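Here is a predicted model to work through. How are its strands put together?

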Amino acid sequence: MPETSLVVVDPGHFHATLVQAEMYPGLSPLVRVHAPLGPDLIDYLSRIARYNRRPEAATDWRLEVHAGPDFLTRMRDEPPGGVAIFSGHNRGKIERIIAALEAGLHVLADKPAIIEPADLPRLEAALTLAKERRLVLADMMTGRHNTLVRLLHALRRDPEVFGDPVAGTEEEPGVFLGGVHYLRKIVAGLPNARPAWYFDVTEQGEGLADTGVHLVDRVHEMLFPDQPLDWQQDIDIVAASRWPTLVSLAQFRELTGEGTWPEDLAPWVRGNVLEYLCNGGVNYRVRGIHVRLEVRWDWQAEQGDDTHHAFYRGTRCSLAVRQGLAERFRPELYVLPDRDIVPALQQRIAALQPSYPGIAAEAVGSAWRIAVPDQLRIGHDAVFAAFTRRFLDYVADPASLPARERSNLLAKYRVTTGAVALSRG
């Protein structure tokens with residue numbers, strides 16, 4: 001089999017570089033980069049250079065860079081069979097994805113693939129095109145490779161531990177997921193600068209359309225493992241809301257290096273404060289199960305990094321992920337029994353130990369904490385490499401991509417874009 005090559009297109013977000021955090025067997029070290037000359041491209045090149053120069057596990061990427069306004073035309077001239085990488089610049093991203101597929105390229109796109117409900121038919125057309133041409137189209141759902149998420153799935157699949165999902169109500173949903181991200185953070189050991197356009201919600205997307213994609217993916221994978229969802233029949237959005245995080249001009253300067261507000265942000269600037277519409281909540285039903293999601297962006301974490309919380313109600317127990325002060329801001333998995341499931345839980349944990357050596361169930365009051373050793377916890381950057389390895393397996397054999405991935409991609413974006421549209425009303 002010939003080596004597969006990466007084709008990086010207009011990298012506007014650092015997630016494009018995390019795909020290249022390590023080398024992969026069967027993937028050429030030569031990467032062709034097509035982008036306009038500007039700060040986004042320079043940031044991408046700087047990050048790859050640091051990977052190549054790091055003292056341990058240095059990479060060996062060799063970049064062939066084509067910088068100019070005709071970058072999309074150059075991408076269309078790429079030989080078929082490569083993998084196009086898209087990150088950032090989410091408005092119009094679906095058109096670039098379709099252009100890459102038409103050129104015979106597989107596509108790995110950072111979320112979100114679309115940010116408006118009007119683009120759902122275009123996403124459906126892209127998935128149809130990929131299937132017809134035996135190409136793989138996926139977004140970077142790196143959370144699937146998180147150890148706690150995988151243990152959650154294993155416990156949910158055990159009918160003697162979890163039972164069946166509880167539908168709940170809008171007031172007491174069967175599922176609640178929340179996440180808090182931070183604008184000012186450290187990535188790969190360095191302060192993470194953000195381009196000015198990142199704060200334009202018509203370009204980047206609002207909170208539910210952006211980071212909300214991960215939450216919806218986790219819900220659907222958890223509730224309906226191995227099952228396809230119908231985006232037109234199975235989803236019912238009940239209510240949605242949005243609210244801003246206030247960003248001062250001084251904070252904006254610190255993150256972007258820009259001295260003044262760009263004209264594109266004028267609709268959201270009040271005096272010297274930007275009303276950044278990055279927070280949102282949605283209540284929806286998926287096959288009758290009530291789900292509540294909340295995404296939030298704050299300025300900076302007092303301790304730790306981005307935080308995530310989850311709660312799934314079952315007929316035999318509830319499963320929860322908590323990441324608060326009691327957990328020292330590290331995510332922990334809890335089992336909250338509604339009946340005596342201890343023998344079944346211990347049996348399940350014992351069965352999982354060959355795959356996850358060192359895990360254990362520890363009593364914490366009336367609950368059980370699933371202790372996970374540090375060596376099994378995969379960090380934010382490492383999960384990108386794990387996801388990329390799995391994606392490249394699909395590229396090597398496109399028929400191995402589960403058919404449900406296509407329908408569930410549409411169902412996921414039906415929720416995120418529909419929630420944003422409803423919140424505006």
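The questions below take up an open sheet and then a run of antiparallel strands.

Q: In what order do the 6 strands of the open sheet stand?
A: The model is predicted. The pairing in this open sheet is parallel. Strand E3 (62–67) and strand E6 (137–139) are the edge strands, each pairing on one side only. From one strand to the next the twist averages 20°. The order is E3-E2-E1-E4-E5-E6.

Q: Which residue in E4 is the bridge partner of Val 8?
A: Strand E1 (residues 4–9) and strand E4 (residues 83–86) run parallel. They are joined by 4 bridges. Val 8 has as its partner in E4 Ile 85.

Q: What angle does the direction of helix H2 make with that of E3?
A: Helix H2 (residues 39–53) packs on the sheet. It touches E1, strand E2 (27–35) and E3. Its direction and that of E3 make an angle of about 175°.

Q: How many residues of strand E15 are buried?
A: Strand E15 spans residues 317–322. Buried means under 20% relative accessible area. By that cut-off E15 is mostly covered, with a buried count of 5 of its 6 residues.

Q: Which residue in E15 stands opposite Tyr 312?
A: A hairpin of 3 residues leads from E14 to E15. Strand E14 (residues 307–313) runs antiparallel to E15, with 4 bridges between them. Opposite Tyr 312 stands Leu 319.

Q: Which residue in E16 is the bridge partner of Ser 318?
A: E15 also pairs with strand E16 (residues 332–337). That pairing is antiparallel and has 6 bridges. Ser 318 is bridged in E16 to Leu 336.

Terms used:
Residues are numbered from 1 along each chain as its sequence is written. This is a predicted model: local features need pLDDT of at least 70, side-chain atom pairs count only at pLDDT 80 or more; totals for chains, interfaces and linings use all residues. Side-chain values use heavy atoms; hydrogens and water are left out. Two strands pair if DSSP finds at least two bridges between them. Helices (H or I, at least four residues) and strands (E, at least two) are DSSP runs, numbered from the N terminus. Axes are lines fitted to C-alpha atoms, for helices over the stretch in contact, and angles run from 0 to 180 degrees between N-to-C directions. Contact means heavy atoms within 4.5 Å. Buried means under 20% relative accessible area, exposed over 50%, partly exposed in between (1.4 Å probe, protein chains only).
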